[in-house]
Amino acid sequence: MRLCIVSETWSPDINGVAHTLSRINHELHQQGVTVDVIRPRPKVPGSATHIAQEMQVKSVALPGYAEVQVGLVTPAKLRRFWRKYRPDTIYLATQGPLGWAARHAARQLNIPLVAGWHTNFDHYCHDYGVSWLSSATRRYLRYFHNGCTTTLVPTHLQAETLRRQGIHGVKVLSRGIDGECFSPAFRDSALRRQWGVSDHQPVAIYVGRLAAEKNLTLLQETLQAMREVRPDMAQVIVGDGPARTQLEKALPDAHFTGFIDKHELARHYASADIFVFPSLSETWGNVITEAMASGLAVVAYQYAASAELIENDQNGMTIALDDGDAFQQAAVELCQHPADYARLGRVARHRALEQSWSGIADQFMQYLQQAQENYHASAPACRIRSS
């Protein structure tokens, strides 16, 4: 099979989409699959690894969020690329302008399309004060995805939600974890001493973008409440974003690292004890599986990866959606009981290790092959009507 991946982001970008695509691409390369990529031109010039052909298109930063780039290209330019390097299937990892142009060009060339649901754009409308756009966004997304043979989502809950919204061909593709990279073996007493704690004092950690959609007000309030009952607890914030300055003022005793590389990230996870993650904007949340594989007790909403992987009080703590008081209470109680957070962390690692990237890539390939077969078996009129 020859596959072309169209994405607004790619490694070494630091985000869940880039990480997921990088891991799947690595596994496909091991299987001998030919992979091409179309993406915005990166800030630091360079080419993607394990890629047969690459097209880099014009890159434009989102206003007020320079870390996020969108790609701009004409369908005609994409058609020329695909006539020269015709893929068997195209995977759209973006519903933005680049994804729209790719969808249009692929349909003109009769190439099967599989789309990934990597970002909850309709949820972001509420986070950024334009909730009046959410219904229009949902209509656009329904139109976009119903022009594809298959839409892949990471959780069963998300799949049911999209089906209720009228999106067809929805299938579940979970996410994996590298249990050798993220492991309790990387716990570092020297790093903990830099945080001002001994081996027996708790460390609460958050990893993720520092932006409005991550529910940072609840993160701040929860960490402050935990510190009130455990004044000896360290707080570590890994990540960066537009809300960092505000959060630093609110949590003056916390250790802010900014973005760090994968090896340092693994060391930070393993050297902490409790992972506090109040976000409700994830489609999956790779940080959940990373924290679980690192042996941490996770406190999160029963949502996305947490809903799929965590059994409450068995291998983590999950809280009913939007119950901020219960979220805060769970974290406060947990930080006072070292035996409990140690037990949850041990069981969490075992559960996370069931999520292998090789198995995820195998399932991804099956979906691509099914989409290709279904597309070519359907009449052209049906394909036109599905848009």
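Two strands count as paired here if DSSP finds at least two bridges between them. With that in hand, let's walk through this predicted model, starting with a pair of strands that fits the description. Strand β12, covering residues 274-277, and strand β13, covering residues 297-301, pair in the parallel sense over four bridges. If you look along this pair, you will find F275 opposite V298 in β13. As a general reminder, strands of a sheet pair through backbone hydrogen bonds, in either a parallel or an antiparallel arrangement.

Now zoom out from that pair to the sheet around it. β12 and β13 belong to an open sheet of six strands, and its order reads β11-β10-β9-β12-β13-β14. The pairing in this sheet is parallel. Follow the order to its two ends and you reach β11 (255-258) and β14 (317-319), the edge strands; each has a single partner strand, so one side of each is left without a neighbour in the sheet. On average, and ignoring direction, neighbouring strands of the sheet are turned by 20° against each other.

Next, bring the helices into view. Helix α10, made of residues 262-270, lies across β9 (203-207), β10 (234-238), β11 and β12, and it runs at about 145° to β9. Helix α13, residues 324-335, lies across β12, β13 and β14, with a direction of about 170° to β13. β12 is thus crossed by α10 and also by α13.

What about empty space inside the protein? A search of the whole structure finds two cavities of 30 Å³ or more, and the largest has a volume of about 50 Å³. Its lining includes F277, W284, I288, Y301 and Y303, along with E282 and S306. The elements that give two or more residues to this lining are β13 and α12 (304-309). Of the elements, α12 gives the most, with three residues. So our strand β13 turns up again, this time beside the largest cavity.

Finally, how many disulfides does the structure hold? The count is zero. A disulfide calls for two cysteine sulfur atoms within 2.5 Å, and the sulfur of C4 is 13 Å from the closest cysteine sulfur, in C148, which is too far for a bond. The view from C148 agrees: this residue is in no disulfide, and the nearest cysteine sulfur, that of C4, is 13 Å away. As for their surroundings, C4 is buried, with a relative accessible area of 0%, and C148 is buried as well, at 8%.

Definitions and conventions. Residues numbered from 1 in each chain as written. Predicted model: local features only at pLDDT ≥ 70, side-chain atom pairs only at ≥ 80, totals over all residues. Heavy atoms only, no water. Axes fitted to C-alpha atoms, helices over the stretch in contact; angles between N-to-C directions. Contact = heavy atoms within 4.5 Å. Buried < 20%, exposed > 50% of the residue type's maximum accessible area, 1.4 Å probe, protein only. 1 Å grid on protein atoms, 1.4 Å probe; cavity = no way out; pocket = protein on both sides within 12 Å on 5 of 7 lines; lining within 4 Å. Points joined across faces, edges and corners; volume = space filled by probe spheres on them.
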